Amino acid sequence: MTPNNPLVLTPIFFPLFAAALCVFFAHFRRVQRIIGVSATILAWLGSLSVLALNWVDGLQLYRLGGYMPPYGIVLAPDMLSAIFTAMASTVVMGGAIYILGCRDKCVSYPAFMPLYLCMAAGLHGAFYTGDIFTLFVFQELMIMSSVVLVGISDNRLGVEAAIKYLLISAMGSLFLLLGIGAIYASFGTLTLADIARLLEGGDRPLLAQTAAVMLMCAFLLKSAVFPFHFWQPDFHTAAPTPVHAVLSSVVVKVGVYGLIRLTMLMFIAEAPLVRTLLLVLGIIGIFFGSLGALRTYDAKRMLAYSTFGQIGFILLGIGWGTPLALIGAIVYAVNHAFIKSSLLMITGALASRMPNKSAKLVDIGGAGRSFKLMGGLYLLGGLALAGVPPMNGFISKLAIIRGGIDAQSWLLLGLAIAAGLITLMYVVRTWQHVFQRNPADQLHLKPYGDSLVAPVLLVGLCVLFGLFAVPVVQAATIAVTRLSDPQSYIRAVLGG
């Protein structure tokens, strides 16, 4: 353990400081973009440093103001936090690179880059904090920034989608605040480690289990899990491409992270009941998302529906709860982030070539036939999403299958494998429809479009982690080993 490590601040400080600088340079778009990309690269390097330190030395701490927890706010990234933040900062950096070559009108607005950086800071902070109320604050920063980013989108439905999400998010925030209030009323503390210490004694005050239900509902809503899913396709599809890539790949993982903390650190006694519910919701989500993606009319919307299904696979890993299943859930979460963000950027790059920027399947049929690089990238990303070797998606699916075998949950495992075939159907069908068929005679594409630099980098990671999956699997294994010993986390944070 490293106490008061200033590197812990970097993934949060650099985006926030850069957002303030971008406001100062509001009328200098090129300067804003240089500042934004530089900040995301520095945040990415900082997150990798914290991950490496976690690997070697264990949990890293930074006590704000020097106050000891539980009396002060603490940033306490353990291996799980470090993995999720490294994953998020990689996609955020990819999104910032995409913004450099994005031709959407909204990315040129003075507010766009500051809001994007605030969303990044909130996302990173939500993973790093060791205080449940600070988690709420970082989530609200992330949500409010993303709402405005969608509201100023070029898509005419952006404002409507933003208002919908604002209302739904308010419900999620209410659940989270009620849960936090119930915990504070019961235990008089907001530090995660201290809450876990008080709960491990077995005593359950009147509001403790109510708090567990409220927190679970809040995290399910943040991850757009059935039945809290209905806002997600509209909101994500209306978002600008770099924002959509971050929302559908890593922002939804905040809820996943919260559910792991809920079942592995705080409410361990209630975990079997929560896991049973997650198994049911996970398998429903897998089929609902897969069938919705198969039948939808828009390529971006297809990937938004697909997120339901992919989150469902992660919920199965958490629900089975064995070490192998939890390793599978973490590996799946990381690999899905790179796959989904790359596919969304490729789809956005194709839509940017359309006269009306449409991603509707009826409009883009054959539109990608002349773009060989784009078609190749989409095929690789689609195969990764479907879990075809040698892509990283195969490692994810294999890890989940091993977890299901370890849990001996044969029925759910069989259903999950069958749903994986549906994923292969819709990604191959879309690739053939867009990149293999002949375009309509009246289709006239723009001579320019969004840059493919960011999706090339992300698809490259998908190939790399498919051929060389050892680092991701080892990191997930270390994370699960340490999660299985909550006492070590409690001692490290509280200094006991």
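What pLDDT does the protein average, and what percentage of the residues score at least 70? The structure described here is a predicted model. Its mean pLDDT is 90, and 99% of the residues reach a score of at least 70. Confidence varies along the chain: helix H3, spanning residues 79-100, has the highest mean, at 96, whereas helix H9, formed by residues 232-238, has the lowest, at 74. Where pLDDT is low, the predicted coordinates should not be read in detail.

The search for enclosed space identified 5 cavities of 30 Å³ or more in the structure. The largest cavity holds about 60 Å³ of space. Its lining consists of Ala126, Thr129, Ile132, Leu135, Leu192, Phe219, Tyr257, Gly258, Arg261 and Met266. Two elements, helix H5 (132-151) and helix H11 (253-266), give two or more residues to this lining. Of these, H11 contributes the most, with 4 residues. Classified by side chain, the lining of the largest cavity comprises 7 nonpolar, 2 polar and 1 charged residues.

For the second largest cavity, the volume is likewise given as about 60 Å³. Ser223, Ala224, Val225, Phe226, Leu281, Gly285, Thr307, Phe308, Ile311, Gly312 and Leu315 line this second space. At least two of the lining residues come from each of helix H12 (271-295) and helix H13 (299-320). H13 provides the largest share, 5 residues. The lining of the second largest cavity contains 7 nonpolar and 4 polar residues, with no charged residues.

Charged side chains were examined next. The structure contains 5 salt bridges. One of them joins Arg261, a residue that also lines the largest cavity, to Asp78, with a separation of 2.6 Å from N to O. This pair links distant parts of the chain, since Arg261 belongs to helix H11 while Asp78 lies in the loop between strand S2 (74-75) and H3, 183 residues away. Both partners are buried: Arg261 has a relative accessibility of 4%, and Asp78 has a relative accessible area of 10%.

Other salt bridges lie within single helices. In helix H6 (residues 158-187), Glu160 and Lys164 are 4 residues apart, so about one helical turn separates them. Their side chains meet in a salt bridge at 3.4 Å, N to O. Glu160 is partly exposed, at a relative accessible area of 43%, and Lys164 is also partly exposed, at 34% relative accessibility. In helix H7 (residues 192-199), Asp194 and Arg197 stand 3 residues apart, about one turn of the helix. The closest N and O atoms of the salt bridge between Asp194 and Arg197 are 2.8 Å apart. Here burial is divided between the partners: Asp194 is buried, with a relative accessible area of 6%, but Arg197 is partly exposed, at 38% relative accessibility. A network of salt bridges further connects Asp104, Asp154 and Lys357.

The cysteines were also considered. The number of disulfides is 0. For Cys102, the closest cysteine sulfur is that of Cys106, 6.5 Å away, and no bond is counted because this distance is too far, the cut-off being 2.5 Å between sulfur atoms. Cys102 is buried, at a relative accessible area of 6%. Cys217 is buried as well, with a relative accessible area of 14%.

Methods
Residues numbered from 1 in each chain as written. Predicted model: local features only at pLDDT ≥ 70, side-chain atom pairs only at ≥ 80, totals over all residues. Heavy atoms only, no water. pLDDT = per-residue confidence, 0-100. 1 Å grid on protein atoms, 1.4 Å probe; cavity = no way out; pocket = protein on both sides within 12 Å on 5 of 7 lines; lining within 4 Å. Points joined across faces, edges and corners; volume = space filled by probe spheres on them. Nonpolar A, V, L, I, M, F, W, Y, C, P; charged D, E, K, R; others polar. Buried < 20%, exposed > 50% of the residue type's maximum accessible area, 1.4 Å probe, protein only. Salt bridge = Lys/Arg side-chain N within 4 Å of Asp/Glu carboxyl O.
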